[in-house]
Amino acid sequence: MLGPFSFGNLGNAALQQTLVQHLTKRFPNAEFYGCCIDPEEPADARQILPFPISRHVLRSGPQGASVLNRVKENTSQDKQGANFQWIKRAPLLSSLMSAARTVGFKAEKIREELAFCSEAHRFAKEFRLIVVGLGGVFDEVWGGKWGDLYSIFRWAVLARLAGTPLVHLSVGVEEINSRLGRFFCRTALSVAVYRSFRDVESKQKVEALGVKGEKHVFPDLAFALENGGCGGTAADHRNPRAVGVSPMAYCDPRFSPIKDFSKYQSYLKKLSSFVLWLLRNGYEVVLFPTQVCMDRSAMEELEASVLEDLPRDLHARLSVAKIRTVDECLELLSQLRAIVTSRLHGVILSSLVGTPVLALSAASKIDRLMEDMGLADYLLSIPRLELPELIDRFQKLEANQEAIRCGIQRKAAEYRSSVEAQFDLVFRPGLLNL
């Protein structure tokens with residue numbers, strides 16, 4: 001399973017869990033390996049055995065030790081010179097080596113990269129299948145063209161050279177602006193035996209890049225997360241006055257690739273004013289993250305801002321949920337009356353438990369999903385966010401609670417069926433020669 005499944009992103013974790021659940025049904029005796037940013041994260045938290053997506057990922061520690069080390073240990077020193085012979089027979093990698101030199105990579109870095117490719121190629125031969133199923137993995141904004149975008153390209157080429165089937169399931173395509181980034185994206189998609197996208201917009205972007213062949217559109221894989229709709233979705237299991245608010249590190253210079261501290265402060269200030277309005281009008285507010293690492297500071301700073309202006313006798317109405325897993329997040333969401341979130345998988349996870357959601361969006365992927373779910377009236381743009389409109393939309397959400405809940409549950413069930421149909425389509429006997 002290819003993609004950075006770690007780093008506290010509960011959306012990515014939900015995608016990983018979905019893949020494991022559905023692939024286990026079809027390959028009951030299989031071992032699952034997944035790329036990770038943090039190899040020291042306990043393996044049981046990922047349900048997969050870790051291997052690094054790139055040479056920059058540490059490969060130390062008993063639980064985080066890369067399985068690539070196993071391959072490396074089996075290669076004697078006197079064979080190191082032969083490790084690169086296969087590169088000479090691989091035009092794509094030979095071209096990549098030349099391109100690396102032209103952009104000024106130091107010789108030692110080139111050697112390290114080719115050594116990693118040599119190890120990874122041997123390891124890729126052991127795979128029965130490589131799956132890319134991590135949402136918006138094709139993106140140049142986060143990490144640049146030499147970040148995850150290049151890593152996906154590298155593994156796609158290695159899979160092709162190793163003769164291992166590569167499939168892209170419901171992937172998202174975000175911003176890809178450079179010529180080299182477009183090449184990486186186009187190549188990684190072109191060498192796959194199957195490709196689908198989580199929205200029409202992503203499909204249109206790759207068509208503009210010149211990717212040929214069949215291209216399907218299926219919903220985000222997380223909609224097929226099993227047991228996602230269990231654990232207290234009925235109205236009598238909910239706190240009738242509890243509202244969940246999930247802030248994000250929007251333009252936060254400490255975490256976001258778009259660094260604008262004034263925009264971050266403005267976003268938090270408006271969200272703080274809204275939370276104060278909720279608390280003063282008899283609601284209880286639970287602050288929670290869906291990106292456990294990156295959004296922690298935003299959540300803490302939002303809490304501090306609210307408490308500074310909130311009368312002490314109302315402090316008990318504000319709480320902070322300390323969640324680290326998808327199951328913990330779903331359990332919390334199932335107990336809330338409504339959700340206000342700024343991340344895509346905040347919307348998706350809320351829909352899995354039938355909780356009405358108000359989305360504060362800074363990305364077209366959220367806009368498209370909310371519109372497709374019939375929730376466009378409960379969608380606001382963060383750059384144009386104003387407190388009066390935010391309060392007005394929330395009041396409309398409150399007034400239409402039951403209709404919204406029924407609509408969300410119906411749409412989530414439709415998406416689940418569609419994603420499950422994709423698994424049946426891709427992994428039916430004969431399609432991938434597995």
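1. Helices H1 and H11 are roughly perpendicular to each other, because their crossing angle falls in the range of 65 to 115 degrees; under 35 degrees counts as roughly parallel, over 145 as roughly antiparallel, and the rest as oblique. The axes of H1 and helix H11 (residues 326-333) come within 9 Å and cross at roughly 110°. Axes here are lines fitted to C-alpha atoms, for helices over the stretch in contact, and angles run from 0 to 180 degrees between N-to-C directions. Helices (H or I, at least four residues) and strands (E, at least two) are DSSP runs, numbered from the N terminus. On the H1 side the contact is made by Leu10, Ala13, Ala14 and Gln17, and on the H11 side by Val326, Asp327 and Cys329, where contact means heavy atoms within 4.5 Å. These residues divide into five nonpolar, one polar and one charged. Ala, Val, Leu, Ile, Met, Phe, Trp, Tyr, Cys and Pro count as nonpolar, Asp, Glu, Lys and Arg as charged, and the others, Gly among them, as polar.

2. On the basis of the model: it is predicted, so local features need pLDDT of at least 70 and side-chain atom pairs count only at pLDDT 80 or more, while totals for chains, interfaces and linings use all residues. Residues are numbered from 1 along each chain as its sequence is written, and side-chain values use heavy atoms, with hydrogens and water left out.

3. The chain has 15 helices and 12 strands. Of its 434 residues, 54% count as buried, that is, under 20% relative accessible area; exposed means over 50%, and partly exposed in between (1.4 Å probe, protein chains only). Among contacts in the chain with a separation of 6 or more, 71% are between residues 24 or more positions apart.

4. H1 (residues 10-26) also meets helix H15 (residues 401-426): the two axes come within 11 Å and cross at roughly 45°. H1 and H15 are therefore oblique to each other. Their crossing is right-handed, meaning that the near helix is turned clockwise from the far one by less than a right angle; anticlockwise would be left-handed. Thr18, Leu19, His22 and Arg26 of H1 make the contact with Glu420, Phe423 and Asp424 of H15. By type, the residues of this contact are two nonpolar, two polar and three charged.

5. Helix H6 (residues 148-162) has 15 residues, which at 1.5 Å a residue should span 21 Å, and its end C-alpha atoms are 21 Å apart, in agreement. The expected span is 1.5 Å times one less than the number of residues. H6 is mostly covered, with 12 of its 15 residues buried; among them are Tyr150, Phe153, Arg154 and Trp155. Just after H6, Gly163 takes a positive phi of about 75°.

6. Two residues other than glycine deserve a check of their backbone angles. Most residues other than glycine have a negative phi. Ser170, in strand S4 (residues 166-171), has a positive phi near 50°. Ser170 counts as buried because its relative accessibility is 1%. Cys251 also has a positive phi, near 60°, and is found in the loop between strand S7 (242-246) and helix H9 (261-280). Cys251 is buried, with a relative accessible area of 5%.

7. Ser351 is in helix H12 (residues 344-352) and counts as buried at 2% relative accessibility. Leaving aside neighbours within four places in sequence, Ser351 is in contact with Phe223, Met373, Ile408 and Ala412. Phe223 also appears in a pair with Ser417: these two are 194 residues apart in sequence and 8.8 Å apart in space, C-alpha to C-alpha. Ser417 is in helix H15 and counts as partly exposed at 45% relative accessibility.

8. Ile366 is found in helix H13 (residues 364-372) and is buried, with a relative accessible area of 4%. Beyond neighbours within four places in sequence, Ile366 is in contact with Ser342, Arg343, Leu344, Val347, Ala359, Ser361 and Leu379. Ile366 and Ile348 are 18 residues apart in sequence and 9.7 Å apart in space, C-alpha to C-alpha.

9. Glu126 lies in the loop between helix H5 (107-124) and strand S3 (130-132). With a relative accessible area of 47%, Glu126 is partly exposed. From C-alpha to C-alpha, Glu126 and Ala162 are 8.8 Å apart in space, and in sequence they are 36 residues apart. Ala162 is one of the buried residues of H6.
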